[in-house]
Amino acid sequence: MQERTVFNIYLSLAQSYLEMTNYKNAQQYLDTCKRLPISKELDCPFLVAELEYNLYKRMGKTNEALLALENLTKIRQELQDNERNKTINDLEVKYQSELKEAKILKLNQQGEIDKLQIRSLIAFVGMAILIIIIIIFFYRQSLVKNKLKTIETEQRLN
């Protein structure tokens, strides 16, 4: 069987014996729960400490019950701290990923802006070249017309 299942069985037996006021057997099963390797993981220490507190309280052992209650409070605080730390870590990871996504988006937008600037520059240069070609074409046309007029005038004079 899995260790967690065995732990749950012993814990249930200890609780049952506690309810039946058979404190000796409840104490034995509780001690067995404590010795299991799984008893140090997850919520197991909390369950053991809670049962131990209830056992000592019902047995009238106030000093042991007080120690068990202090242990239970300490474990509860550790569980809450672990949960808070996990939440903080999750939020930190989420925050970092959102920062990275925002940075990627900004870089992509900058890339698009750069592409548009390059296209605009190419279009401007192309238009400038086209205008220069047109100016040169009309200038040459006017030179050719002037030469034709000069030649025509010379022929008339001849």
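**Figure 1. The buried residues of helix H3.** Welcome to this predicted model, which we enter through helix H3, where Cys-44, Phe-46, Val-48, Ala-49, Leu-51, Glu-52, Tyr-53, Leu-55 and Tyr-56 are buried. What covers these residues? Helices H1, H2 and H4 are among the elements that do so. H3 itself has 16 residues, and its first and last C-alpha atoms are 22 Å apart, close to the expected 22 Å at 1.5 Å a residue. Just past the end of H3 you will find Gly-60, with a positive phi of about 85 degrees.

**Figure 2. Helix H1 and its buried face.** Now turn to helix H1, which covers residues 3-19. At 1.5 Å a residue, its 17 residues should span 24 Å, and the end C-alpha atoms are indeed 24 Å apart. Look for Phe-7, Leu-11, Ala-14 and Leu-18, which are the buried residues here. Seen down the axis of H1, the buried residues fall within an arc of 60 degrees, so they line one face of the helix. An α-helix has 3.6 residues a turn, so residues three or four places apart point the same way. Which helices do the buried residues of H1 pack against? Their partners are H2 (23-35) and H3 (44-59).

**Figure 3. Two other residues of H1.** Besides the buried residues, this view picks out Val-6 and Glu-19. Val-6 is found in H1 and counts as partly exposed, at 21% relative accessibility. Between Val-6 and Val-48 there are 14 Å in space, C-alpha to C-alpha, and the two are 42 residues apart in sequence. Is Glu-19 buried or exposed? With a relative accessible area of 55%, Glu-19 is exposed; this residue also belongs to H1. The C-alpha atom of Glu-19 is separated by 9.4 Å from that of Leu-55, and these residues are 36 apart along the chain.

**Figure 4. Thr-21 in the loop after H1.** Follow the chain past H1 and you come to Thr-21, in the loop between H1 and H2. What is the sign of phi at Thr-21? Thr-21 has a positive phi of about 60 degrees, although it is not a glycine. For background, most residues other than glycine have a negative phi.

**Figure 5. Where H2 meets H3.** In this view, the axes of H2 and H3 are 11 Å apart, and the two helices pack at an angle of about 160 degrees. That makes H2 roughly antiparallel to H3, since angles over 145 degrees count as roughly antiparallel. Their crossing is left-handed. On the H2 side, look for Tyr-23, Ala-26, Gln-27, Leu-30, Cys-33 and Lys-34. They meet Val-48, Leu-51, Glu-52, Leu-55, Tyr-56, Arg-58 and Met-59 in H3.

**Figure 6. A closer look at Gln-27.** Gln-27, a residue of H2, is buried, with a relative accessible area of 18%. Which residues are in contact with Gln-27, leaving aside its neighbours within four places in sequence? They are Leu-55 and Tyr-56, and both of these are themselves among the buried residues of H3.

**Figure 7. Where H3 meets H4.** H3 and helix H4 (residues 62-157) pack at an angle of about 160 degrees, with 8 Å between their axes. The two helices are therefore roughly antiparallel to each other, and H3 passes H4 in a left-handed crossing. H3 makes this contact through Pro-45, Phe-46, Ala-49, Glu-50, Glu-52, Tyr-53, Tyr-56 and Lys-57. From H4 come Glu-64, Ala-65, Ala-68, Leu-69, Asn-71, Leu-72, Ile-75, Arg-76 and Leu-79.

**Figure 8. Along helix H4.** How many residues does H4 have? There are 96, reaching 140 Å from the first C-alpha to the last, close to the 142 Å expected at 1.5 Å a residue. Its buried residues are Ala-65, Ala-68, Leu-72 and Ile-75, and H3 is part of what covers them. Farther along H4 you can find Ala-102, which counts as partly exposed at 43% relative accessibility. From Ala-102 to Arg-35 the C-alpha distance is 51 Å, while the two residues are 67 apart in sequence.

Note on methods: Residues numbered from 1 in each chain as written. Predicted model: local features only at pLDDT ≥ 70, side-chain atom pairs only at ≥ 80, totals over all residues. Heavy atoms only, no water. Helix = DSSP H or I, 4+ residues; strand = E, 2+ residues; numbered from the N terminus. Expected span 1.5 Å × (residues − 1). Buried < 20%, exposed > 50% of the residue type's maximum accessible area, 1.4 Å probe, protein only. Arc of directions from axis to C-beta. Contact = heavy atoms within 4.5 Å. Axes fitted to C-alpha atoms, helices over the stretch in contact; angles between N-to-C directions. Parallel < 35°, antiparallel > 145°, perpendicular 65-115°, else oblique. Left-handed = near helix turned anticlockwise from the far one by under 90°.
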